[in-house]
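Dear colleague,

Please find below the structure that I am handing over to you. My notes on what was found in it follow directly after.

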Amino acid sequence: MGTRRMVAATIAAAVIGSTLMLGSPALAAPEDAPAPETTARAGAEEDLGYPIDGKVLSPESSLGTDADGTPLAFWVTNGNAEVPAMFQVTEVLPDTAGGTGNKVIFKQRVPAGVNSWANTFNAVDGTVYFGMTEGQLYSWKPGDQEITDHGTPFPGQQIWRLATAPDGMVYGGTYPGGRLFSLDPTTGQTADLGQVNAGETYLRSLAIDDDYVYAGSQPNAKLARYDRHTGEVTDIPIPIAGQGTTYDMTLAGGYLFVRVEPINTLIVYDTSDLSVVNTVPKVTGRVISQADPSGKSVWFRLNNGVDPVGIYRYDLETHTYSPLGFNPNAFPGAWMWYEDPDQETWPGMTAIMTYYNGRIYTWNETKRKGLYFGEADLESTPNPIQTIGAGPDGGLYISGFLSPPGMSRFDPATDQYTLLPGAGQIEGIGTFGDSLVLGRYPKADLLRYDTTQPWANGTNPGAPVSIGDEQDRPHSLVRVGDRMAVSTVPVSGRLGGAITLWDPATGDTEVHRNLVPDQGVVSLAERDGLIYAGTTINGGYGTEPTAAEAELFAFDPESGDVVYRTVPVPGAVSVNALTFDEDGVLWGIADGYLFNVDPVDGSVIRSEQVFPHRTSMYAADRSIVFRDDGYLYATASGSLWRVDPASFTAELLAADGAGHLTEGSDGNLYYARVATLYRWNFALGDVLPAPWDSGAVYDTGDEVRRAGSTWRATWWTQNQEPGDPSGPWQEIAETEDGTALWTPSRIFVAGETAVHESVVYTAKWWTRNQMPGDPWGPWQPAG
């Protein structure tokens, strides 16, 4: 795969002055950082293009027809932070009609919104309705020239599911209120019908008949029936304890089919009395079909490790199921049956099934064969970068959000990418000898990839090891002895993260959950056999935190004991980017604060708000790198910063959403903005002096960096901090063309020029700390 490179000529740099705060934790972070002072300097940023090329991803899809009965598939393909999602319609064409299949006949980017998990075709009015996880609601009817925007019907609520009743009324579910709502297509009016599953944050699945709406929820897998005529709500027990999500539902033949996660069991209810008549394990998703044309069965995908993997027919009379011989390499997204005009080739009814990658599969039972239509005609969007890690082989490994294509490897020596297919959404990357170790979402899967051998998903890396214990997102992996320590946050609806000790050689795991009660663990560092960990007050999505502030703690992996706990920044949501400097001091970032602590007892040495105050769920984009130039580099608050570790003064290098900082094997810094990888190339920028050191001896002409500026020694000096306009240091600053900028401490002699407030002045005699502008002073306008 090629790269796209561009060298930025200049960027704006910022110096943020900090007030010295020694000793114990600082006060809670204020809402805004100090206003930055700006100065110009040469840039060193390179755009390295997209590590993971665009891939079609439509989490939800639907099937319907136009006025002529032509089958259509409706997709809402993901956008990213730079571009909104795209609504795309494809015509499902059999091979007898040209053989191309899945041809796009309409597409338009939505006015707003990035992701959609809500998509339903209304057969009554022939319109598709779709909602965004940002709360917008849209519709489109075949023949329309553009999408209809229904606005954001419930501000503050995301739309997570839509379904259509037999009479054409549309119903939806929301997050975080877990609300059921209705949309009347004839009037365009929406109505909030309330929270039907008490205490639940996601209304995740819907099935509707003439009288009732069946609603499933997350994070505690509840199920309820809403009476469409009276508004009465009836709770329906889930017979399997400990589930998180009532994910998919279908009504057929007087039965309600409900798939629950994470166990992936299909529960069959008799709608007449709400009794359970059957359960089917390992219906691995996604959607259970409506009744087939015979009205006697529904179809679903089974993968139970015993029977052949594939699509099965479930008999509505006998409650038994059998394989169809149809085994697409895909999870069902939507189902429809279609009567092909070419009955000789495709007799009877042909099933159509969508897959979230924009693909379509068909199956004709009579002929016992089907067709596959790929996604090539649909427009894709580059995958947002999820994390970046340095490998033991010198490569950089970059994973993407919900990444069907895989993970990318970047070679700093050649600037080339290699796609490693099948990796999934990697959230944590570490090293173990020659192996790259990976933490994958969901289910907190752990994988080991031997970088000395070719990538072969399923073999190298082999089968994943799942942490279990309700853990879901592995954020940080560090080696401790012969094991890896893995930090995790739990599944949706749960509090209590963990540190897991994993032996990559044997696959053995040892889970230590709730080391800090009800907090997730998001960052790790190791030194002398102890693990130092930062927490977030958040649990899985859809869960309200109970803790007030994030903590830093030390953990002894041998004894399993917490050595100490401390709060480096009161009120912070998460503690991230834990890193040791060469003196063994532990550093980290908490919201807008940079702090360092004594690892022996956790006492805070210094804690200051250095970056703009910003919080997020897990703040996984925060990172710290100590380079051999004496500076600390960090991504925080959506920017890349260079920090003088002595003064805690930060200089802004790159803004606009920079995150996931990693140092490459070439000594340069790599980071992400949305879907693009960037490099801060030190060979392209100015060579900066080392930070001022109070113990060092400096001779005339020596230069140092202090408080974001360059200073030159006027005479021999030691332990005299730059900044005194009459002292031993001159602040050296220049415009882009090399003209000196006037600074109070700099010495100018007769005939030298300097710029002050955009005016060029010439010195009439030797001068220092005399501002240009006084007509009787040492300066006169040049020319």
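Strands, as the word is used below, are DSSP runs (E) of at least two residues, numbered from the N terminus. Please bear in mind throughout that this is a predicted model.

I begin with two residues of unusual backbone geometry. Asp 528 lies in the loop that links strand 44 (520-527) to strand 45 (530-536). Its phi is near 55°, a positive value in a residue other than glycine. Is Asp 528 buried or exposed? With a relative accessibility of 75%, Asp 528 counts as exposed, because the cut-off for that class is over 50%. Asp 469 also has a positive phi, of about 50°, although it is not a glycine. This residue is placed in the loop between strand 39 and strand 40 (471-480). Asp 469 has a relative accessible area of 41% and is therefore partly exposed.

Two cis peptide bonds also deserve your attention. One runs from Glu 261 to Pro 262, with omega near 10°. Pro 262 sits in the loop between strand 22 (255-261) and strand 23 (265-270). The other joins Asn 460 and Pro 461, where omega is about 5°. Here the proline, Pro 461, belongs to the loop between strand 38 (445-450) and strand 39 (465-466).

Turning to the sheets, I would point out an open one of four strands, which are arranged in the order 9-10-11-12 with antiparallel pairing. Strand 9 (118-122) and strand 12 (148-149) stand at its edges; each has a single partner strand, so one side of each is left without a neighbour in the sheet. The partnership of strand 9 with strand 10 (residues 127-131) is antiparallel and extends over five bridges. Within it, Phe 121 has Val 128 of strand 10 as its bridge partner.

Finally, there is the matter of internal space. How many cavities of 30 Å³ or more does the structure hold? There are three. The second largest encloses about 60 Å³. Strand 54 (639-644), strand 55 (649-654) and strand 60 (703-706) each contribute at least two residues to the lining of this second largest cavity. Among the lining residues are Tyr 631, Arg 642, Asp 644, Glu 651, Arg 705 and Arg 706. By character, the lining of the second largest cavity comprises four nonpolar, two polar and five charged residues.

With kind regards

Definitions and conventions:
Residues numbered from 1 in each chain as written. Predicted model: local features only at pLDDT ≥ 70, side-chain atom pairs only at ≥ 80, totals over all residues. Heavy atoms only, no water. Buried < 20%, exposed > 50% of the residue type's maximum accessible area, 1.4 Å probe, protein only. Pairing = 2+ DSSP bridges. 1 Å grid on protein atoms, 1.4 Å probe; cavity = no way out; pocket = protein on both sides within 12 Å on 5 of 7 lines; lining within 4 Å. Points joined across faces, edges and corners; volume = space filled by probe spheres on them. Nonpolar A, V, L, I, M, F, W, Y, C, P; charged D, E, K, R; others polar.
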